[in-house]
Amino acid sequence: MESEALYTTIKEILVTQFEVDESAISRDANLYEELEIDSIDAVDLLVQLKELTGKKISPDVFKDVRTIGDVLDALTVL
Amino acid sequence: MKYLNFAYRWVGTTLFWIFFGLIGLFMGFVVFPLLSVFVWDGRKRQVAARKLISAAFSLFVWVACSSRLISIRVTGMEHVDPRGGQLILATHPTLIDVVILISLFPQVDCVIKEAVTKNPVLGISVRLANYISNREPADLLDSCVQRLESGASLLLFPSGTREVNGQPLRFKLGAAEVAVRARASILPVALSCKSQMLAKHVPWYRIPPSAPRFKITVLPPIAVENLTTGDVDQRHARYQVNDALVSLFDAELS
């Protein structure tokens, strides 16, 4: 999946499932501090992205993920 | 006299840690390797390994209490379901909470740091005991739910790490999430320690002016459904359960 399409998907999940305000979402937005999603949401998001892309973020990389951009990087680098 | 007691406990605590270490080495290099040689059935191995760990921890607790290095008061053990299937949630003020709790709940499942499974001394015991490793965040929640659903009791510290003295209680959402998903019966265990030792950021050799007093109160089990408003989705249920648990422990510990 293209990075842009992936970004849209993540945005959609955040808005529809985790009640994040769409205007607050950007690539630099910190998931935990600015978007206020919790660690379980983050795990949930990763599981869904894994199902969509077939790519898995390793636990070590996941620990350092802070922003939406980090998620995209982790999924596109692999 | 007070000075004498302090000196006694300082020497006693040091000797205790040496004893703790030696027993640990003996278990890690003799007892558990023997178990892995002689018992092949996974299920029997797990039960035996947990019995041995619990027995060692009971020994530590007995030695520490009978030499008056610490004291422990336990109430409410009648709330424990001997058949298992309970999600045991405990507060976590000190490093030795788990030693005391495993001595009380011998066959309980628990989550351990991945690093422990690779530790040259401790690794073999926790692998044989088939405890849950925290390596994969996504799998971790699933494993916890599965163990509960298969009828085991699971011990979690909802704080995720030792609580810092004097700060308000804050739980990670993982425990509430497991409770919601497994529709668990929650057994709250309020564990507190007066004249605390082994707190976070406190080295083991810094002992308090009087012997630490542990108080362990096992509260009546609560069905997770009773902590939510019922008509909510899983995400909101998780927050409701978490808030209810924090209030429950706050009320008990204050």
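The following questions and answers concern a predicted model of two chains, A and B.

Reader: How many residues does each of chain A and chain B give to the contact between them, and what area is buried there?
Author: The contact draws 12 residues from chain A and 12 residues from chain B. Carbon and sulfur atoms give 54% of the area buried between the two chains. That buried area is about 1,000 Å².

Reader: Which element gives the most residues to the side of chain A that touches chain B?
Author: Between chain A and chain B there are 5 residue pairs in polar contact, both residues being at pLDDT 80 or more. On the side of chain A that touches chain B, the elements giving two or more residues are helix H1 (3–18), helix H2 (39–53) and helix H3 (59–64) of chain A. The element that gives the most, with 4 residues, is H2(A).

Reader: By class, how many charged residues are on the side of chain A that touches chain B, and how many salt bridges are counted between the chains?
Author: By class, this side of chain A has 6 nonpolar, 1 polar and 5 charged residues. Side chains of opposite charge can pair when their charged atoms come close. The charged residues on this side thus number 5, and the salt bridges between chain A and chain B number 4.

Reader: Which residue of chain B meets A:Glu19 in a salt bridge, and why does the pair join two chains?
Author: A:Glu19 is exposed, with a relative accessible area of 52%. A:Glu19 lies in the loop between H1 and H2 of chain A, while its partner lies in helix H8 (residues 234–253) of chain B, so the pair joins two chains. The partner is buried at a relative accessible area of 12%. The N to O distance of the salt bridge is 3.8 Å, and the residue of chain B is B:Arg235.

Reader: What is the N to O distance in the salt bridge of A:Asp41 and B:Arg235?
Author: B:Arg235 has a relative accessible area of 12%, which is under the 20% cut-off, so B:Arg235 is buried. Its side chain meets that of A:Asp41 in a salt bridge, with an N to O distance of 2.7 Å.

Reader: Are A:Asp38 and B:Arg238 buried or exposed?
Author: The side chains of A:Asp38 and B:Arg238 meet in a salt bridge at 3.0 Å, N to O. The pair crosses between chains, from the loop between H1 and H2 of chain A, where A:Asp38 lies, to helix H8 of chain B, where B:Arg238 lies. Both A:Asp38 and B:Arg238 are buried.

Reader: Which residues do salt bridges that share partners join into one network?
Author: A search of the whole structure finds 13 salt bridges over all chains. Shared partners link salt bridges into one network, whose residues are A:Glu19, A:Asp38, A:Asp41, B:Asp142, B:Glu177, B:Arg181, B:Arg235 and B:Arg238.

Reader: Why is helix H7 of chain B largely enclosed, and what element of chain A is included in what covers its buried residues?
Author: In helix H7 (residues 174–182) of chain B, 8 of the 9 residues are buried, so this helix is largely enclosed by the rest of the structure. The buried residues of H7(B) include B:Glu177 and B:Val178. Their cover includes, from chain B, strand S2 (86–90), helix H6 (137–149), strand S5 (154–156), strand S6 (185–194) and H8. The element of chain A included in this cover is H2.

Reader: What phi does B:Arg183 take?
Author: B:Arg183 comes just after H7(B). Its phi is positive, at about 45°.

Reader: Why is the pair of B:Phe16 and B:Phe60 edge-to-face, and how many residues apart are they?
Author: The ring centres of B:Phe16 and B:Phe60 lie 6.2 Å apart with the planes at 75°, so the pair is edge-to-face. B:Phe16 counts as buried at 11% relative accessibility, and B:Phe60 at 4%. The pair links helix H1 (residues 2–38) of chain B, which holds B:Phe16, with helix H2 (residues 42–66) of chain B, which holds B:Phe60, and their separation is 44 residues.

Reader: Which residues form one aromatic cluster?
Author: The whole structure has 8 aromatic pairs over all chains. One aromatic cluster is formed by B:Phe16, B:Trp17, B:Phe19, B:Phe20, B:Phe57 and B:Phe60.

Definitions and conventions:
Residues numbered from 1 in each chain as written. Chains lettered and ligands numbered in written order. Predicted model: local features only at pLDDT ≥ 70, side-chain atom pairs only at ≥ 80, totals over all residues. Heavy atoms only, no water. Contact = heavy atoms within 4.5 Å. Buried area = accessible area lost by both parts, 1.4 Å probe. Polar contact = N/O pair within 3.5 Å; in protein donor to acceptor, adjacent residues only side chain to side chain. Nonpolar A, V, L, I, M, F, W, Y, C, P; charged D, E, K, R; others polar. Phe/Tyr/Trp six-rings, centres within 6.5 Å; stacked < 30°, edge-to-face > 60°. Buried < 20%, exposed > 50% of the residue type's maximum accessible area, 1.4 Å probe, protein only.
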